[in-house]
Amino acid sequence: MSNSITNRKNYSYEEYSDKRLRMSNGLTDVFIQVLSINASHLAQTDAEIDFAIWIASHDQAIQGRGIMGFDISALPWSIENFEAEKKFLLRAVDSAKAKHYWDMLGYEPREETVLRSLEKFRELIEDFTIELINRDNLWLLVYKGGAMSKPAKGEKCSVHGIYLHEVGCVLCFDGSIL
């Protein structure tokens, strides 16, 4: 199984397969971890914290392997802060590409594949425009509807200092309690 990150609203059907980011389950784990770490350490505003939590919530240990793909439009974008949110996400990607905080992983990831995935993700973010925002933001609706319990805003892992998802830390949690 694998996961895909897309920007479907921005590309024609012919462009779609070349533009999406496809990752194995193992690569998805590493991708979400390095992006979560960097987003968490860079986040300062409420919106940035929401992005860090949103990324962490795509931990396959809680949601299941092979089903963590998403479209860029599903991120917690807002119309009023879109440009700042986009810049934040690009900074988080660039920080991850610079291998900041990779020492927190506790293992040595395949650098080339992780960096290639981060670069492809960066391209998807760069190509995303305000007109493509998903106004029916499912992530927020899931929490408001009670299907998942949203972590307390600002709650961080005491070991890694990264924002927690609904079950815990993307680095600490291994899914064994589910």
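## Helix packing and strand pairing in a predicted model

Helices H5 and H6 are roughly antiparallel to each other, because an angle over 145 degrees between two axes counts as roughly antiparallel, and their axes cross at roughly 165° and come within 10 Å. This description, like the rest of the report, refers to a predicted model. The crossing of H5 (residues 82–97) and H6 (residues 111–127) is left-handed. On the H5 side, the contact is made by Lys86, Leu89, Leu90, Val93, Asp94, Ala96 and Lys97, while H6 contributes Leu115, Leu118, Glu119, Phe121, Arg122, Ile125 and Glu126. Sorted by character, the residues of this contact comprise eight nonpolar and six charged ones, with no polar residue among them.

Helix H5 also packs against helix H2 (residues 25–42), at an angle of about 120° and with the two axes 8 Å apart. How are H2 and H5 oriented to each other? They are oblique, because their angle falls outside the ranges that count as roughly parallel, roughly perpendicular or roughly antiparallel. The crossing of H2 and H5 is right-handed. In this contact, H2 supplies Val34, Leu35, Asn38, Ala39 and Leu42, and H5 supplies Phe88, Arg91, Ala92, Val93, Ser95 and Ala96. These residues divide into eight nonpolar, two polar and one charged.

The two helix pairs can be set side by side.

| Helix pair | Angle | Axis distance | Handedness |
|---|---|---|---|
| H2 and H5 | about 120° | 8 Å apart | right-handed |
| H5 and H6 | roughly 165° | within 10 Å | left-handed |

The loop between H5 and H6 holds Lys99, a residue that is partly exposed, with a relative accessible area of 36%. Although Lys99 and Asn38 are 61 residues apart in sequence, their C-alpha atoms lie 9.1 Å apart in space. Asn38 is also one of the H2 residues that make the contact with H5.

The strands form another part of the picture. Is strand S1 (residues 2–6) largely enclosed or largely open? Four of its five residues are buried, so S1 is largely enclosed by the rest of the structure. S1 pairs with strand S2 (residues 21–24) in the antiparallel sense, over four bridges, and within this pairing Ser4 stands opposite Arg22 of S2. S1 is joined as well to strand S3 (residues 70–71), by two bridges, and these two strands run parallel. Here Thr6 has Asp71 in S3 as its bridge partner.

Definitions and conventions: Residues are numbered from 1 along each chain as its sequence is written. This is a predicted model: local features need pLDDT of at least 70, side-chain atom pairs count only at pLDDT 80 or more; totals for chains, interfaces and linings use all residues. Side-chain values use heavy atoms; hydrogens and water are left out. Axes are lines fitted to C-alpha atoms, for helices over the stretch in contact, and angles run from 0 to 180 degrees between N-to-C directions. Angles under 35 degrees count as roughly parallel, over 145 as roughly antiparallel, 65 to 115 as roughly perpendicular and the rest as oblique. A crossing is left-handed if the near helix is turned anticlockwise from the far one by less than a right angle, and right-handed if clockwise. Contact means heavy atoms within 4.5 Å. Ala, Val, Leu, Ile, Met, Phe, Trp, Tyr, Cys and Pro count as nonpolar, Asp, Glu, Lys and Arg as charged, and the others, Gly among them, as polar. Buried means under 20% relative accessible area, exposed over 50%, partly exposed in between (1.4 Å probe, protein chains only). Two strands pair if DSSP finds at least two bridges between them.
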